[in-house]
Amino acid sequence: MRMQLIVDAANVVGSVPDGWWRDRRGAAERLRDSLVPYAESGIDGFPGPVEVVLVVEGAARDVEPVPGVRVEPAPGSGDDRIVELAAQAAEEGAGCVVVTADRELRRRVTAHGARCVGPRTVRQPPGGRP
């Protein structure tokens with residue numbers, strides 16, 4: 001079964017107070033680049049390969065995809081785009097894991113059968129090793 005790992009860029013970037021607010025696009029690009037290994041390895045409980053989808057909004061909307069990470073610019077709310085992608089995955093019979101700490105977004109995507117994990121899942125090296 002095809003598996004999608006949908007990453008809420010704004011939520012994951014915002015989970016670490018490293019000055020991301022000074023360069024939102026740059027922060028989203030650094031996150032995108034750090035996600036590349038997960039396409040092959042997957043995450044704990046969801047082995048790879050997985051399709052990694054980074055949902056960006058606002059100042060990060062122009063972030064380009066790289067091999068291993070598809071970038072989905074949200075025309076409006078990033079949360080709404082993530083819900084649309086989770087619903088589409090369910091319709092296609094694909095597995096879906098959403099990376100976010102946003103409680104309301106978690107509620108909305110689990111209604112479509114998506115699983116949720118927190119930002120730390122992709123803020124450590126694949127396999128959970130420092």
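In this predicted model, the largest pocket is lined by Ala9, Ala10, Val13, Trp20, Arg24, Ala28, Val55, Val56, Glu57, Ala59 and Ala60. Its volume comes to about 160 Å³. Three elements each give two or more residues to this lining: helix 1 (9–13), helix 2 (24–41) and strand 4 (51–56). Of these, helix 1 gives the most, with three residues. Sorted by class, the lining of the largest pocket holds nine nonpolar residues and two charged ones, with no polar residue. Arg24 and Glu57 are the charged members of the lining, while Trp20 and Val13 are among the nonpolar ones.

A short step back along the chain from strand 4 leads to a feature of the backbone. Gly48 and Pro49 are joined by a cis peptide bond, with omega at about 0°. Pro49 lies in the loop between strand 3 (46–47) and strand 4, and strand 4 is one of the elements that contribute to the lining of the largest pocket.

Attention can now turn to a pair of helices. Two packed helices are described by the angle between their axes and the distance between the axes. For helix 3 (residues 78–92) and helix 4 (residues 103–110), the axes come within 9 Å and cross at roughly 25°. Angles under 35 degrees count as roughly parallel, and helix 3 and helix 4 are therefore roughly parallel to each other. The crossing of helix 3 past helix 4 is right-handed. On the side of helix 3, the contact is made by Asp79, Asp80, Ile82, Val83 and Ala86; helix 4 meets them with Leu105, Arg108 and Val109. By class, this contact of helix 3 with helix 4 has five nonpolar and three charged residues, and no polar ones. The charged residues here are Asp79 and Asp80 of helix 3 and Arg108 of helix 4.

How values were computed: Residues numbered from 1 in each chain as written. Predicted model: local features only at pLDDT ≥ 70, side-chain atom pairs only at ≥ 80, totals over all residues. Heavy atoms only, no water. Axes fitted to C-alpha atoms, helices over the stretch in contact; angles between N-to-C directions. Helix = DSSP H or I, 4+ residues; strand = E, 2+ residues; numbered from the N terminus. Parallel < 35°, antiparallel > 145°, perpendicular 65-115°, else oblique. Left-handed = near helix turned anticlockwise from the far one by under 90°. Contact = heavy atoms within 4.5 Å. 1 Å grid on protein atoms, 1.4 Å probe; cavity = no way out; pocket = protein on both sides within 12 Å on 5 of 7 lines; lining within 4 Å. Points joined across faces, edges and corners; volume = space filled by probe spheres on them.
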